[in-house]
Amino acid sequence: MTLFPEMCRTVMSESIIGRAQKAGKVEIVCTDIRDFAGNKHNKVDDMPYGGGMGMIMSASPIYNCYKSLYAENEEKPHLIYLSPKGRTFTQRRARELSRLDRIVLLCGHYEGIDERVIEEIVDEEISLGDFVLTGGEIPALAVADAVCRMLPGVLSENVCFEEESHYGGFLEYPQYTRPSVWNGRSVPEVLLSGNHAKIADWRHKQSLKTTLEKRPEMLEKAWLTEEDKRFLEEISEKKD
């Protein structure tokens with residue numbers, strides 16, 4: 001639900017998500033809120049009660065737009081409002097949302113939307129972080145991409161996202177490609193060994209090391225084996 005449907009269609013029609021739509025793995029519908037304005041000039045905003053700068057998106061166009069997306073006898077789809085006041089989006093939440101049949105993303109604009117429509121139809125508010133953008137389209141596209149790529153058949157295999165940063169509670173291990181030596185820097189020998197067990201062990205330890213160095217707070221919530229804990233302790237001792 002957006003004031004800029006073409007912007008959203010353009011982004012979602014490209015690359016992996018675009019191919020997934022063509023293959024029928026996911027359906028993405030961009031609906032223009034202005035189509036439900038109910039006035040000659042398709043006006044969807046008004047001045048805020050109490051005064052203040054900017055304009056506020058009116059409740060009725062948003063409500064009518066949402067109601068048009070499902071029939072009375074259908075289950076109400078989960079509605080997410082992209083808002084700086086929302087809960088910060090995470091990979092875990094993306095995984096949870098990927099299990100839902102239908103999601104509606106509401107893109108706000110101007111100084112926000114009438115609080116009454118939030119109370120009436122919004123199930124969840126999501127933020128990309130502690131900053132403010134000019135509209136909800138960029139956050140909505142980011143959420144849609146993160147969710148869609150975990151749907152069955154969108155990526156070639158689940159391992160494509162299961163070993164990435166954040167999915168299992170750690171950051172991803174370093175990746176390399178040809179040539180084996182570039183600017184005097186060599187690919188770690190273990191990756192050239194062909195020993196898959198050693199490679200898997202190296203990658204896991206590198207994930208732990210990278211997480212400790214870049215996002216140590218993530219380790220507080222991660223499930224760690226005793227071996228993981230010993231490895232992290234050894235790294236910390238070497239630093240000290």
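Q: Why does Asp-114 count as buried in this predicted model?
A: Its relative accessibility is 16%, and buried means under 20%. The value falls below that cut-off, so Asp-114 is called buried.

Q: Where is Asp-114 found, and what is it in contact with beyond its neighbours within four places in sequence?
A: Asp-114 sits in the loop between β4 (103-107) and α5 (115-121). Setting those sequence neighbours aside, Asp-114 touches Ile-56, Met-57, Ser-58 and Ala-59.

Q: What makes the pairing of the side chains of Asp-114 and Arg-116 a polar contact?
A: The distance is 2.6 Å, and the cut-off for a pair of N or O atoms is within 3.5 Å. So the two side chains are joined by a polar contact.

Q: Why is Tyr-110 called partly exposed?
A: Tyr-110 comes in at 36% relative accessibility. Buried needs a value under 20% and exposed one over 50%, with partly exposed in between, so Tyr-110 gets the middle label. Tyr-110 lies in the loop between β4 and α5.

Q: What is phi of Tyr-110 near?
A: It's near 60°, a positive value in a residue other than glycine.

Q: How do you know that Trp-182 is exposed?
A: Exposed means over 50%, and Trp-182 has 53% relative accessibility. That clears the cut-off, so Trp-182 counts as exposed. Trp-182 belongs to strand β6 (residues 181-182). Its C-alpha atom is 45 Å from that of Ile-103, with the two positions 79 residues apart along the chain.

Q: And what makes Asn-183 exposed?
A: Its relative accessible area is 64%, set against a cut-off of over 50%, so the label is exposed. Asn-183 falls in the loop between β6 and β7 (185-186). Phi of Asn-183 is positive too, near 50°, and the residue is not glycine.

Q: How do you know that the peptide bond joining Arg-178 and Pro-179 is cis?
A: Look at omega: it is about 0° for this cis bond. Pro-179 is in the loop between α7 (159-162) and β6.

Now for the helix pairs.

Q: Why is α1 called roughly parallel to α6?
A: Helix α1 (residues 5-12) and helix α6 (residues 137-148) pack at an angle of about 30°, and their axes are 11 Å apart. Angles under 35 degrees count as roughly parallel, so that is the term for α1 and α6. The crossing of α1 past α6 is right-handed.

Q: Which residues make the contact of α1 with α6, and how do they divide by class?
A: From α1 come Met-7, Cys-8, Val-11 and Met-12, while α6 brings Glu-137, Ile-138, Leu-141, Ala-144 and Asp-145. By class, this contact has seven nonpolar, no polar and two charged residues.

Q: What makes α8 and α9 oblique to each other?
A: Helix α8 (residues 196-214) and helix α9 (residues 226-239) meet at about 55°, with axes 10 Å apart. Roughly parallel needs an angle under 35 degrees, and roughly perpendicular runs from 65 to 115. The angle fits neither, so α8 and α9 are oblique. Their crossing is right-handed.

Q: Which residues are in the contact of α8 with α9, and how many are charged?
A: Among them are Asp-201, His-204 and Lys-205 of α8, along with Glu-227, Asp-228 and Phe-231 of α9. The contact has seven charged residues, with five nonpolar and two polar.

Conventions. Residues numbered from 1 in each chain as written. Predicted model: local features only at pLDDT ≥ 70, side-chain atom pairs only at ≥ 80, totals over all residues. Heavy atoms only, no water. Helix = DSSP H or I, 4+ residues; strand = E, 2+ residues; numbered from the N terminus. Buried < 20%, exposed > 50% of the residue type's maximum accessible area, 1.4 Å probe, protein only. Polar contact = N/O pair within 3.5 Å; in protein donor to acceptor, adjacent residues only side chain to side chain. Contact = heavy atoms within 4.5 Å. Axes fitted to C-alpha atoms, helices over the stretch in contact; angles between N-to-C directions. Parallel < 35°, antiparallel > 145°, perpendicular 65-115°, else oblique. Left-handed = near helix turned anticlockwise from the far one by under 90°. Nonpolar A, V, L, I, M, F, W, Y, C, P; charged D, E, K, R; others polar.
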